[in-house]
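Student: Got a minute to go through this model with me? I'd like the strands, the core and the odd backbone angles.

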Amino acid sequence: MDWNDSPAQAEFRAGVRQLIAEKLPARYRGDDGAEGEGDGVEWMVERRSQDPVAQQASAEWATAISERGWIAPHWPVEYGGAGLSPIEQMIYNQEMAMAAAPRRVGGQGVSQFGPALVVHGTEEQKKEHIPKILAGERIWAQGFSEPGAGSDLASLQTRATRDGDFYVVNGQKIWTSGGHLADWLYVLCRTDPEAPKHRGISLIMMDKSTPGITVRPLVNMAWVHHFNETFFEDVRVPVANRVGEENRGWYVSMTLLDYERSNITGAVSARRQIRRLMDYVNGDGKERARVKDYPSIRSAITDRYIESEVQFNFSFRIISMQERGLIPNYEASVNKLFGSELSQKMANTGVKALGLWGGVWDEEKAPVRGSFPKAYCLSVSSTIAAGTSEIQRGIIATRGLGLPRG
Ligand SMILES: Cc1cc2nc3c(=O)[nH]c(=O)nc-3n(C[C@H](O)[C@H](O)[C@H](O)COP(=O)(O)OP(=O)(O)OC[C@H]3O[C@@H](n4cnc5c(N)ncnc54)[C@H](O)[C@@H]3O)c2cc1C
């Protein structure tokens with residue numbers, strides 16, 4: 001298999017590198033992924049930061065990307081996206097991840113909600129929201145999961161009751177990523193409690209400043225405020241804010257598939273982490289001597305190296321399917337499962353290999369900027385987010401291997 005770029009792909013890659021070289025704000029340069037996932041800071045956090053330097057850098061970077069249409073690499077050109085082919089998207093994401101450029105510029109409005117609005121929204125809805133999403137001005141968060149509805153999302157209970165031209169919404173969502181940083185929410189609500197569970201749900205857009213919406217922080221064990229609980233108490237939302245037909249929200253939400261199914265960002269991140277670990281161990285005489293006495297650490301590093309290469313090839317497999325017009329199904333689950341479990345194994349190996357330093361987070365003092373202990377805490381959620389490992393195994397077993405459903 002030849003994974004080298006064609007001349008056209010090489011030219012595209014050079015263009016992305018040039019943009020990074022010329023426009024990536026100084027603040028982000030040299031970031032070696034100390035965030036833990038190894039692929040740069042969260043753009044939304046920078047955008048809402050109290051620090052004017054952070055705010056300016058996030059605005060400059062969003063402008064630089066949007067000038068090329070690259071803020072939405074996967075959207076059709078007629079809606080202001082770049083219309084990049086799957087392989088170009090892969091190259092784009094690969095280069096951005098290698099430079100540790102800020103992640104998810106434009107937030108979930110670009111990565112998830114916008115593409116669904118393009119397909120299912122009315123002309124008025126598109127005119128109102130799409131330009132603001134593409135300019136990075138209006139940030140969206142997803143209100144799907146509830147305390148009693150996660151893997152079995154269709155059991156959700158947040159209720160939207162019709163009252164003339166409004167819905168009155170009551171209920172609770174949980175794990176709302178970036179809900180505290182968002183301006184708007186896209187929320188799945190039950191609009192027909194009598195219908196079979198998948199058929200009584202609608203997707204409704206809500207301005208977060210609407211009275212009755214409360215967002216409460218959930219701080220994770222890495223002391224990062226990423227999630228929130230979101231409460232709705234008699235929230236009045238115009239019926240015009242519904243996306244798609246009433247009670248068809250489940251099917252609308254299926255369009256919200258994560259656009260980066262190749263997870264090339266994760267593959268780049270795994271490669272970078274293992275190289276940093278190898279460089280650290282090899283670059284220090286004392287560390288080499290210590291690891292020499294621990295064959296289990298040597299073996300673990302070797303295994304992680306092999307797995308990071310395997311993950312790269314899984315990513316390329318997804319891209320090659322998309323390039324041929326095929327829609328990855330269980331193959332995307334294989335990739336997600338393998339990549340998320342690798343992120344945990346990688347963090348575990350790093351913490352062990354660093355010995356006592358493996359418990360020190362201090363970016364200035366600890367080796368590899370304390371990134372492995374941080375990753376150790378942050379990567380726990382990777383096997384839960386976007387479908388747990390058990391759910392992925394179920395998909396692979398039934399859809400991929402034809403095994404009977406349990
Ligand atoms: C980092 C992160 C970001 C997230 N962001 C958002 C967000 O922005 N918006 C949002 O709405 N939600 C978000 N979520 C929530 C996420 O979608 C849910 O956590 C996920 O769907 C799992 O649901 P749950 O937590 O309720 O677990 P449950 O579904 O209750 O699962 C509990 C356990 O049971 C297992 N299990 C459940 N069903 C089965 C089955 N059929 N077969 C085998 N095992 C099963 C699961 O694998 C798991 O181990 C996020 C989660 C994470 C971790």
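Tutor: We'll go through the ground rules, then the strands, the core, the surface and the backbone.

Student: Ground rules, then?

Tutor: This is a predicted model, so local features need pLDDT of at least 70 and side-chain atom pairs count only at pLDDT 80 or more, while totals for chains, interfaces and linings use all residues. Residues are numbered from 1 along each chain as its sequence is written, and side-chain values use heavy atoms, with hydrogens and water left out.

Student: How many residues of β4 are buried?

Tutor: 7 of the 7, so β4 is largely enclosed by the rest of the structure. Buried means under 20% relative accessible area, exposed is over 50%, and partly exposed is in between, with a 1.4 Å probe and protein chains only. Strands are DSSP runs of E, at least two residues; helices are runs of H or I, at least four; both are numbered from the N terminus.

Student: Which β4 side chains point which way?

Tutor: W184, Y186, L188 and R190 point one way. L185, V187 and C189 point the other way, and all are buried.

Student: In which sense do β4 and β5 pair, parallel or antiparallel?

Tutor: Antiparallel, over 7 bridges, with β4 covering residues 184–190. Two strands count as paired if DSSP finds at least two bridges between them. Y186 stands opposite M205 in β5.

Student: And β1 with β4, parallel or antiparallel?

Tutor: Parallel, over 4 bridges; β1 is residues 140–143. W140 has W184 as its bridge partner in β4.

Student: Back to β5. How many of its residues are buried?

Tutor: 6 of 7, in the run 201–207. β5 also pairs with β8 (residues 242–243), antiparallel over 2 bridges. There, L203 stands opposite V243.

Student: What does Q108 touch?

Tutor: F113, G114, W140, A141, Q142, S177 and Y186, leaving aside neighbours within four places in sequence. Contact means heavy atoms within 4.5 Å. Q108 sits in helix α5, residues 107–120. Its relative accessibility is 18%, so Q108 counts as buried.

Student: Now the core. Which residues have the most contacts inside the largest one?

Tutor: W61, W70 and F113, in a core of 60 residues. Helix α4 (residues 86–98) gives the largest share, 6 residues. A nonpolar core is a set of buried Ala, Val, Leu, Ile, Met, Phe, Trp, Tyr and Cys residues joined through side-chain atoms within 4.5 Å.

Student: Why would such side chains gather?

Tutor: In soluble globular proteins, nonpolar side chains tend to be buried together.

Student: What does W61 touch?

Tutor: Its contacts include L19, I20, P25, Y28, M96 and V105, not counting residues up to four places away in sequence. K23 is also among them.

Student: Different topic. Where is I306, and is it buried or exposed?

Tutor: I306 is in helix α10, residues 295–323. At 45% relative accessibility, I306 counts as partly exposed.

Student: Now the backbone. What is odd about D234?

Tutor: D234 has a positive phi of about 45°, although it is not a glycine. Most residues other than glycine have a negative phi. D234 is in strand β7 (residues 225–238), and is exposed, with a relative accessible area of 51%.

Student: And what about the phi of N263?

Tutor: Positive too, about 50°, and N263 is not a glycine either. N263 lies in the loop between α7 (249–253) and α8 (264–282). N263 is partly exposed, at 24% relative accessible area.
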